[in-house]
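Me: I've got a model open and want to check the labels people put on it. Can you walk me through the reasoning?
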Number of protein chains: 4
Amino acid sequence: MRVKTKLPENGVETDLTTREGLLQQFKKVRAFTLELVEPLKTEDLVIQVTEHASPAKWHLAHTSWFFEAFFLEKALENYQTKHPQYSYLFNSYYLQTSEPHCRNKRGNLSRPTVDEVFQYRDYVNEHVELFIENSSEPDFEKWQPVLEIGLNHEQQHQELIITDLKYMFGQNPLHPVYLKTERPGTGQVPELTWSSFSEGVYETGHPGGSFGYDNEFPRHKNYIHDFKIANRLITNGEFIEFINDGGYDDPKYWLDEGYSHVVENGWRSPLYWKKTDDGWYHYTLNGMEKINPNEPVTHVSYFEADAYARRAGCRLPTEFEWELAAEELPLNGNFVDARHFHPTQISSDSDDRGLNQMFGEVWQWTQSAYAAYPGYETFPGALGEYNGKFMCNQYVLRGGSCATSRSHFRKTYRNFFHAKFRWQFTGIRLAK
Amino acid sequence: MRVKTKLPENGVETDLTTREGLLQQFKKVRAFTLELVEPLKTEDLVIQVTEHASPAKWHLAHTSWFFEAFFLEKALENYQTKHPQYSYLFNSYYLQTSEPHCRNKRGNLSRPTVDEVFQYRDYVNEHVELFIENSSEPDFEKWQPVLEIGLNHEQQHQELIITDLKYMFGQNPLHPVYLKTERPGTGQVPELTWSSFSEGVYETGHPGGSFGYDNEFPRHKNYIHDFKIANRLITNGEFIEFINDGGYDDPKYWLDEGYSHVVENGWRSPLYWKKTDDGWYHYTLNGMEKINPNEPVTHVSYFEADAYARRAGCRLPTEFEWELAAEELPLNGNFVDARHFHPTQISSDSDDRGLNQMFGEVWQWTQSAYAAYPGYETFPGALGEYNGKFMCNQYVLRGGSCATSRSHFRKTYRNFFHAKFRWQFTGIRLAK
Amino acid sequence: MRVKTKLPENGVETDLTTREGLLQQFKKVRAFTLELVEPLKTEDLVIQVTEHASPAKWHLAHTSWFFEAFFLEKALENYQTKHPQYSYLFNSYYLQTSEPHCRNKRGNLSRPTVDEVFQYRDYVNEHVELFIENSSEPDFEKWQPVLEIGLNHEQQHQELIITDLKYMFGQNPLHPVYLKTERPGTGQVPELTWSSFSEGVYETGHPGGSFGYDNEFPRHKNYIHDFKIANRLITNGEFIEFINDGGYDDPKYWLDEGYSHVVENGWRSPLYWKKTDDGWYHYTLNGMEKINPNEPVTHVSYFEADAYARRAGCRLPTEFEWELAAEELPLNGNFVDARHFHPTQISSDSDDRGLNQMFGEVWQWTQSAYAAYPGYETFPGALGEYNGKFMCNQYVLRGGSCATSRSHFRKTYRNFFHAKFRWQFTGIRLAK
Amino acid sequence: MRVKTKLPENGVETDLTTREGLLQQFKKVRAFTLELVEPLKTEDLVIQVTEHASPAKWHLAHTSWFFEAFFLEKALENYQTKHPQYSYLFNSYYLQTSEPHCRNKRGNLSRPTVDEVFQYRDYVNEHVELFIENSSEPDFEKWQPVLEIGLNHEQQHQELIITDLKYMFGQNPLHPVYLKTERPGTGQVPELTWSSFSEGVYETGHPGGSFGYDNEFPRHKNYIHDFKIANRLITNGEFIEFINDGGYDDPKYWLDEGYSHVVENGWRSPLYWKKTDDGWYHYTLNGMEKINPNEPVTHVSYFEADAYARRAGCRLPTEFEWELAAEELPLNGNFVDARHFHPTQISSDSDDRGLNQMFGEVWQWTQSAYAAYPGYETFPGALGEYNGKFMCNQYVLRGGSCATSRSHFRKTYRNFFHAKFRWQFTGIRLAK
């Protein structure tokens, strides 16, 4: 799990095993968090509108607490925490650490203020940077992996900052603009075609030798049957056809739980969509926009992705199929580094008859329930709680999104959410 | 309902029927709202932690919207509203005006910002003040009562700003201090004694000739039986005895709904109380404080007040008894004008063997269900929705509190809340 | 509280202070309970479809348990209870007796069987009857009042058996018939006219000298203002006009809580009503029937009664007004003794220009919150829990209904329910 | 899917492709349903105490409706349904057929009566039997598979009748006895040992040639890694150790959702267990019994099974591992045919150092999320809704239970429930 080699493929330009490399990445990642909240007003940072979307202020503090709880308090003698109750307030679900403040009450705290949280970040940065520069060699060796996990952890929360802000703004009748940006994309979308793969025993999972989460290990064999996978993501235009064709009214293609959820919540379209006399609009971080039929559909639940696929006579890929299909592709895509904050279309010009839009853009729902790989072992200690505990009633998503950092992503990366959730940038790729 | 005479008794030093008087009071009331939020950080103004306690930002905007919706838009030709959606966002329950934004979502709005809301207030102030100074005499005559209602409405919300802030801060494990103040009070509390009143037909309600809410009218006759009323409020010390004596565990003295509520919510003390090894503490706007046994108990529900009274072999007074007892007393007390933000004790020195603590301090629960007086009529128009709609399942409280403006209060004033609520400054006076 | 005199007015033909009288009434009341369940199948006796409507089997057992717990176990030496757990299973809310089985789980018990419950009734009857016949004079004197309460208690549950069965059958898509009966009523309903009463001090409440519940005492003085009360109940036809006229869509005339309740529950008509192409039908204990516009409207909540009244420019009477208006009238009406199980119309022929339909037919909602009369005292002991605990958030109904026993009713009788409930035979009489 | 050959292995002694065989099995299965309700009182058949456990009356009717809806109404010209609303009342989730009556309201129907449901069963039996005996050869060929599905469907509901009755009786404080039986079992339980299997590509799923549900198809290849599986089920005694050792209090070994569920529901032991001064008791269909430490633990959720396994340093098997381990074993076990209605112990005498208790006894939780096999296709038509719709958030259980019919079971049989459910006979077998 240690990054032993420079790994250009996963987008990290620097060698995190060196002090210089780690310090540079630490500063870059911590600074990007600040860049993300830079366009905001103080008021935007404190509000929580639903249990699953936390205030940006909480993310800012929690990512600092992580360095404090798992590194500074253990690695530094005589380390003084910034505030004795921050551990309680900004813990998440790490039960072995201390009793966490309720997840749905993160928006109940006006104090500490945003400024105090910024001071907390500075305080943590200072101590971490001093350690990276001045620690003994054995200490650096020992704690480097924890710092690398801390940076990956912060990158995950950067994605959540974006999606949680979108959710908060999306509920506001004033439809605030987060940041005005221009998205590329012209011409027609290429036709939906299929890439075929032959059955056999294949290896899935992280090969080791660089950073990965526990849930990507161990690399193991799978028997994969013949399958075909679509050359691109499903577009808004295709999903509008599904709506117009009565897709939400026809229980035949829906999972039983999915259809109940649709009826109880009155779902008639993806999240953020609004039908007007002038057609479909949706809220984006650019404000309200007329929907571009050529862009990938996003903010759909597993239920909707699955129903769309069944109605089309197809299915969603398994995560094993997806990883096999991705294996040989260059790792390019519309990641958050491009600062579009929204998926973008491909034009038929750029279509190379191969697989497009596999990385970045939107997380692609797979039909695979989130489960341990054969031989899976949780890492020891409190960080080990991380992934094993959530292997229940969730579905794996692959590919990263327009809110994911390029340097955080790997082809073996397994994201996971409950089937009902839509506030992430989630989309649909078909298989059969 | 028009203020026709200077009414020193209800604390208004100025004649609101004159332009000068109204302008002075308008500036004073509007300024006091700002004074109340002055000690706060931006973060403190936006959060809503429960449906019944709104963010201070919402109160700031709503009290301005009130002037806009019921006065400026109707009285001024060509009035341009500050923002077309503020009416939707800052309306409360005035159904005849427009569909209001959900009460429990007032804390979901990071925008407009606090600064924008201050600008909204300034904009409204400017237009109202211009009208008071420059309107024609018939226009002034016509709209003066609406402006007076608007000021009283704002004073009600000032009280809510205080109690809602307290509720938000009280939930925060950091126990933020709103404002450090010193409360008077030394010596012993006088013994509990009784004042007797003889049965007969008495008049209750507002006599007219000055401002009052619709629910105080008309003055009407009541047959009141012999009763006695206590000389002072129940103290923290007395309530601690109730607790120690098993008061919360003994269903015999509780209303059926009250005891169910106690069990379901795990109530073991008034709101904000916390037992420590060092005895009882409570959260106040001064921060956490050791409880002073001589101060009046507050933040108790009707259920607790009623159970306390029954267990003491007494009962709560009716609102008619209370008003009769209050009739001859000078209207003095610990109102918000004293800026204690908490009830204060009386010492036996100041006891004149009469009734003490009848005004200010804490709202006193009566056993009277909130209902229309015989001959009650709602005022015409949207403002008329105000009181009649709430005459169901609520109980009347009398006397004002340490968060009530002296100039807002009258002896005929009827406050009302559901039996379960505790976040107001509510307390107990016994009768028998 | 002792019945000291024969009281033909309240319908009891027999003197309950004598052994013969009490025995006769005991047998009559206990037999009428059996008559009520005689048309049922075993299956109909065990089901509970909502918390507030208990299975008939529970009523059968609970009314026997009442005699056991409050009389047999205390009055008879060496009394052996029929089954040691019946006290737990068939207790209701008498907290001083033992921990009761949850109210909403009364329908979870298939055992004891209906036959076992009938045996339980026989067992209790036998012991009670032996006591009435053979007890010593002082014992008879001592326990006669408790037996009289037991009989009144059983009569209350007879009314609930009827309304709870109706609720259960009304939910069944097969619309089972309880009993086919013919209801009288022809011709036109008399016009709505008003009887006037002059203001003054009047006495309200039970004068003593015969049986009454604690909540009817003490008789006390009220100041009643001038009022008028309608000559008859509101009819189905009039209520249909309210519906057609948009009554359910217009928040202006509704209590705030009432309108929320209407919206949340999708109420568009009284309970049991169903609109068809052939007009309005409703479920009755006769099965589904086309609604007779001349019959009194029933199964309306306080919210609907209040909204109807306000929209008509009137209001509901207070319970004090109602009792004053009823005072001089002969106590006749459509009680359960007539076995119609539904309110009936009056025809203009029978109209004597006075007050009609004051007794029997439907319980008439008053605007009076259920509260203690001045000087009210709960009776000592466990039976004393009975009424005082419920004096919160309920409204008083007067007049009895088509499901009330004539011998159970008095003009001072105070029934009470929460504002939202509709499964009792409740209706509307206007005042102004 | 057609039974083409006599298949002694799955316990069907008769050839269901012949008229004689099918008729015999039809009579046998339909009669066994009646045998199961024979010990009951009418009251026991109508009550529903939770959404997921239906009344026995509903099961009796629903299994008859199934034959009516999917066979009689389609196969017989001029078939007259017994009652036009039964289709609505006794449908379950077959959305393509008609709008079903709400699942949680099955216990709200006192009518039709139990007798009427028995008549309904007779009516359906008569028509089915006539068809089997007298239909044309092509008609018999065409409808034989549907009848076979109907019989399997009824056998599934027989299992539910048993578990739903147990749930209802288990809630009753009187702890009624369903049927007094003696269970075998003496001596010590053999030590926990392990059987090893080597990794490779294996086939999983139904090979065809006989009856199976859609979810067992198609047989397909899986890569299975080295694993070991325990020789027997976890016992009550071992689970008591888990409890005594603080297993329910230690979040470390629980799934995040599992631990939340435990805390919210106050779980401290398996369902039906009760701690007394005399040790652990549990409710069985024999009534309350002292727990036999040698019998397999049952009525545990997936959460508890998973936590038990993790704490033991093991895991649950996958369904692929389980099927591989079961492949060579003789299909014997404690099925419902033995009429024990409870799992039984093995003694060390009968231990053959191989795998014991693989069939019958308790359904064994696997760690496999319920999902489609590669190449899975739903059967066309309304019956096809059956399995595909539920492939979400459920876990596969294998092995059958003491409430499963021997002739209904196959080694490829996939049962599935949500992780939280405990009212089925579910238990634990470890793997590693």
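Reply: Sure. Start with buried area: that's the accessible area, taken with a 1.4 Å probe, that two parts lose on being put together, summed over both. Keep in mind that this is a predicted model. By that definition, chain D and chain C bury about 2400 Å² between them, and 60% of that sits on carbon and sulfur atoms.

Me: Which residues of chain D supply the most of the area it buries against chain C?

Reply: Glu43(D), Arg111(D) and Leu174(D) do, with 28% of what chain D buries there, more than any other three residues. As for contacts, 29 residues from chain D meet 29 residues from chain C.

Me: What makes Asp44(C) and Arg111(D) a salt bridge?

Reply: The cut-off is 4 Å between a side-chain nitrogen of Lys or Arg and a carboxyl oxygen of Asp or Glu. The closest N and O atoms of Asp44(C) and Arg111(D) are 2.5 Å apart, so the pair passes the 4 Å test. Across the interface of chain D and chain C the rule finds 2 salt bridges.

Me: And how many residue pairs are in polar contact between chain D and chain C?

Reply: The count is 9, with both residues at pLDDT 80 or more. On the side of chain D that touches chain C, helix 3 (86-90), helix 4 (114-134) and helix 5 (137-171) of chain D each give two or more residues. Helix 5 gives the most, with 3 residues. Sorted by class, that side has 13 nonpolar, 11 polar and 5 charged residues.

Me: Now the other pair. How much area do chain A and chain B bury between them?

Reply: About 2400 Å², 60% of it on carbon and sulfur atoms. In chain A, Glu43(A), Arg111(A) and Leu174(A) lose the most area to chain B, together 27% of what that side buries. The contact involves 29 residues of chain A and 29 residues of chain B.

Me: How do you know that Asp44(B) forms a salt bridge with Arg111(A)?

Reply: Put the distance against the rule: the closest N and O atoms are 2.5 Å apart, and the limit is 4 Å. So the pair qualifies. The rule finds 2 salt bridges across the interface of chain A and chain B.

Me: Why is the relation between chain A and chain B called a two-fold axis?

Reply: Look at the superposition. A turn of 180° with a shift of 0.0 Å along the axis lays chain A on chain B, with an RMSD of 0.0 Å. That is the relation of a two-fold axis, hence the label. The same surface serves both copies, and 100% of the contact residues of chain A recur in chain B.

Me: One single residue to finish. Why is Gln364(B) called buried?

Reply: Because its relative accessibility is 1%, and buried means under 20%. Gln364(B) is found in strand 8 (residues 363-369) of chain B.

Me: What does the side chain of Gln364(B) reach?

Reply: The backbone oxygen of Met358(B), at 3.0 Å. There is also a polar contact of 2.9 Å between the side chains of Gln364(B) and Trp322(B). The cut-off for a polar contact is 3.5 Å, so 2.9 Å falls within it. Leaving out residues up to four places away in sequence, Gln364(B) touches residues including Leu233(B), Gln357(B), Val396(B), Arg398(B) and Arg429(B).

Methods: Residues are numbered from 1 along each chain as its sequence is written. Chains are lettered from A and ligands numbered from 1 in the order in which they are written. This is a predicted model: local features need pLDDT of at least 70, side-chain atom pairs count only at pLDDT 80 or more; totals for chains, interfaces and linings use all residues. Side-chain values use heavy atoms; hydrogens and water are left out. Contact means heavy atoms within 4.5 Å. Copies are superposed by least squares on the C-alpha atoms of residues with pLDDT of at least 70 in both. A polar contact is a pair of N or O atoms within 3.5 Å; within protein, one must be able to donate a hydrogen and the other to accept it, and residues adjacent in sequence count only if both atoms are side-chain atoms. Helices (H or I, at least four residues) and strands (E, at least two) are DSSP runs, numbered from the N terminus. Ala, Val, Leu, Ile, Met, Phe, Trp, Tyr, Cys and Pro count as nonpolar, Asp, Glu, Lys and Arg as charged, and the others, Gly among them, as polar. Buried means under 20% relative accessible area, exposed over 50%, partly exposed in between (1.4 Å probe, protein chains only).
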